[in-house]
Amino acid sequence: MIKIKNLKVKVLDKQILNWVSLDFEVWKNYLLLWRNGSWKSSLSSFLMGNPVYEYESGEVSLEWNDLLELSPEERSKSWLFLSFQNVPEIAWIKLSEYLRTIYNISVTKPPLIPPFKGGEQEKSPLLSEEGQGGGFKWVSPFIFKRFIKKHLTELNIPEKFLDRDLNVWFSWWEKRKIEILQMKLIWPKYIILDEIDSWLDLDAFKTIANLLKELSSENNTIIIITHHFKILEYLNVDKIYVMKDWNIAREGWLELADEIIKNGFEKL
Ligand SMILES: Nc1ncnc2c1ncn2[C@@H]1O[C@H](COP(=O)(O)OP(=O)(O)OP(=O)(O)O)[C@@H](O)[C@H]1O
Ligand SMILES: [Mg+2]
């Protein structure tokens, strides 16, 4: 569980989260809603460890750990994944090497916290016995390329993309598919989707929504930040948080979504 208690965060001397308390439980999916320029992306970036966001006070725990004590790398190794509102393009990092690195790191270095309470991290089918025994041998580029082919086919991503720089000149749709591919490689426990449904055409949206439905399981939590409600037709959402004035204005179940669809945010 991610538990946020009385959290206060500033950015450039502007109060951005003020006394925020909310929980994200595993096995549940969440919807975070409110107008443009509230604090949805800021909360996601803060949770991932973006240093621009200045912690003031409050607590954030991730399972048995103090999240704020963990580096961004440790947070992602503990399987926190952020699908960015604006997916960054990174030149000079080849997509194939990036994917191989995150795959190797997530399967060979056990995260700080076991991904499943009391359980063992799933062993990679690609690791040699020696590797699994503690030697942590990385999967070679050659084997990884063979392994990843089935995912590329599944997602309809051309194999030659592997030689391109990470997200550089990728279309919005292609960037989203690469994010889904990352999720399929590392199976994050807490997945934050910051407007993954924006900018997609109808068919692309449907494909992404179906892939997310496939990814959603009792072992993960999907936190959806959105301005649209169409995603509710595909994914089960257990709880809705409405974020306003730097804090949570309302929390509720699907009836709350119906109320917003009917009356808009103004009447909340
Ligand atoms: N790094 C930053 N530097 C300066 N201001 C920031 C920064 N991050 C967020 N803000 C400000 O904080 C406020 C909330 O921004 P945020 O991006 O979190 O909103 P949002 O709810 O995600 O909006 P949208 O729905 O448009 O994506 C805005 O006024 C924004 O300008
Ligand atoms: Mg945003």
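Start by selecting residues 239-252: strand β11 and strand β12 (residues 247-252) pair in the antiparallel sense over five bridges. Strands here are DSSP runs (E, at least two residues) and helices likewise (H or I, at least four), numbered from the N terminus; two strands pair if DSSP finds at least two bridges between them. Before you go on, note that this is a predicted model, in which local features need pLDDT of at least 70 and side-chain atom pairs count only at pLDDT 80 or more, while totals for chains, interfaces and linings use all residues. Residues are numbered from 1 along each chain as its sequence is written, and chains are lettered from A and ligands numbered from 1 in the order in which they are written.

Zoom in on the turn of this hairpin. Two residues lie between β11 and β12, and Asp245 takes a positive phi near 45°. Lys244 has Asn247 in β12 as its bridge partner.

Now add residues 29-33. This is strand β3, which pairs with β11 (residues 239-244) in the parallel sense over four bridges. Click on Leu32 and you will find Tyr241 of β11 opposite.

Leu32 also takes you to the largest nonpolar core, which has 58 residues; Leu32 is among those with the most contacts inside it, as are Tyr30, Leu33, Tyr190, Leu193, Ile223 and Ile224. Such a core is a set of buried Ala, Val, Leu, Ile, Met, Phe, Trp, Tyr and Cys residues joined through C-beta atoms within 7 Å. Buried means that 20 or more other C-beta atoms lie within 10 Å of the residue's own, with C-beta atoms placed from the backbone.

Next stop, helix α6: select residues 172-186. At 1.5 Å a residue, its 15 residues should span 21 Å (1.5 Å times one less than the number of residues), and the end C-alpha atoms are 22 Å apart, which agrees. Its buried residues are Arg176, Lys177, Glu179, Ile180, Leu181 and Leu185. Just past the helix, Trp187 takes a positive phi of about 40°.

Now move to the open sheet of four strands, ordered β2-β1-β4-β5 with antiparallel pairing. Its edge strands, β2 (14-24) and β5 (65-66), each pair on one side only. Within the sheet, seven bridges join β1 (residues 2-11) to β4 (residues 54-62), and Lys3 stands opposite Ser61 in β4.

Finish at ligand 1. Which helix gives the most to its shell? Helix α1 (residues 40-48) does, with three residues. The residues around the ligand (C-beta atom, placed from the backbone, within 6 Å) include Asn36, Trp39, Lys40 and Gln85.

Key:
Buried ≥ 20, exposed ≤ 12 C-beta atoms within 10 Å, placed from the backbone.
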